[in-house]
Amino acid sequence: MRGLVSWCVVLGLSFVPETAHSAQNATVPGPTRFYAVSHTFWDNGPMWDYHIVEANQDGTDTVVRDILIISQHLPCGSSCTVKAKIKRLQNTSPAELVGDNNPCAVDPRELPRELRRAKRALKHTLLFTTANFGIVATCGGEETVLHLPLLPFPFRTQGPPRILRSYDLLHDVETRVFGTSEVFKPVAETKMFEDLDTEPDTRTDESEGAALVSELRAGVFDKALGEDCKKPGCKDEGLKQLLQTYIPPQDRSVPSVAWVDRPRYQCLKCALPAYPPLARLARVEGDVELELQVDERSGLVLGATVTSGHQLLQCAAIQAARGWQFQPQEHTEGATTSKVRLRFSMNCPQTKSPTGE
């Protein structure tokens, strides 16, 4: 979605000389604080994310916070995750950070007309992904609130350039501050299972995010949600309502596999199986019993047969068992039979109160 919005901006600007709106923006002082919020909803899930970038002046510096709230399929069910990155830019103001994409130069009175155009276009548009945007900026002691309309596909190629550029403010600031390799991925590109996520510094990002949950619930960014929040009570609850399913990282389940009945031989190499992804998705747990054929001389497993256990767990258990090796029996030859039992556990936490408090 982000890439499509970028194309919209490029096409929109092609009809107006860059110098024209740059000069106009330069005459309007930039913000001393701003935050931009995008809400993306993906129909093929359903999944959603709320992406927030905030820049706040602190003396001669600017503190930038990049926050991502995403729906996520965790092993014990759907939940939401909060990730965050924080960086201080020395000797830089929020006005310098936005450059000529100045939210203070956008006239909120222009937005209703654009919203009506977008709604008319959406009547004939099939969308699998929708996104809404909001910007709140402190401009000369006053607050400017921009609730930007959803842009239809195919995107318009004409319109007020300042409004079209506003859709890129969040991504432009995030990229400039954190670099292209560190920007948060949209929810559709995240992993289905959080413990398989290989994005760099994911655990650090979640620790930073956990520290901001109370602030998010307090509604400090809710003003940017605007028309995006239409459900009964939503305008009063804001992000607090959305964070009802938030589970802190330390309280999340960690699926595990453990021995119940160990082999009668000493293990030299007995790595436990990984929890099968399909079993986690289906929330399947339980014991798997195996009958092993072990070569006495080498200690290697010659064969493994499942005698009981859920079908989604059997394959992982057999594959692991085939790689096991036990202490060789020097004075015996041939094969012997041994039974073992493994326990696959989801370790789901007990349900908390709806508010998560």
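I searched the whole structure for disulfides and found 2 of them; I keep in mind that this is a predicted model.

I looked up the pair Cys-104 and Cys-139, which form a disulfide with their sulfur atoms 2.0 Å apart. I noted that Cys-104 sits in the loop between helix 3 (94–98) and helix 4 (111–122), while Cys-139 belongs to strand 5 (residues 129–139), so this pair ties together parts that are 35 residues apart in sequence. For the geometry of the link between Cys-104 and Cys-139, I read -85° about the S-S bond, which I entered as left-handed.

I then checked how accessible these two cysteines are. Cys-104 has 13% relative accessibility and is entered as buried, and Cys-139, at 14%, is entered as buried too, because the cut-off for buried is under 20% relative accessible area.

I turned next to Cys-267 and Cys-270, which a disulfide joins with an S to S distance of 2.3 Å. The link of Cys-267 and Cys-270 is left-handed, with -90° about the S-S bond. Here I had to write two labels for one pair: Cys-267 is partly exposed at 28% relative accessibility, whereas Cys-270 is buried at 17%.

I also looked up two further cysteines, Cys-80 and Cys-315, for their accessibility. Cys-80 is buried, with a relative accessible area of 1%, while Cys-315 has a relative accessible area of 48% and is therefore entered as partly exposed, since exposed would require over 50%.

Key
Residues numbered from 1 in each chain as written. Predicted model: local features only at pLDDT ≥ 70, side-chain atom pairs only at ≥ 80, totals over all residues. Heavy atoms only, no water. Disulfide = S-S within 2.5 Å. Helix = DSSP H or I, 4+ residues; strand = E, 2+ residues; numbered from the N terminus. Buried < 20%, exposed > 50% of the residue type's maximum accessible area, 1.4 Å probe, protein only.
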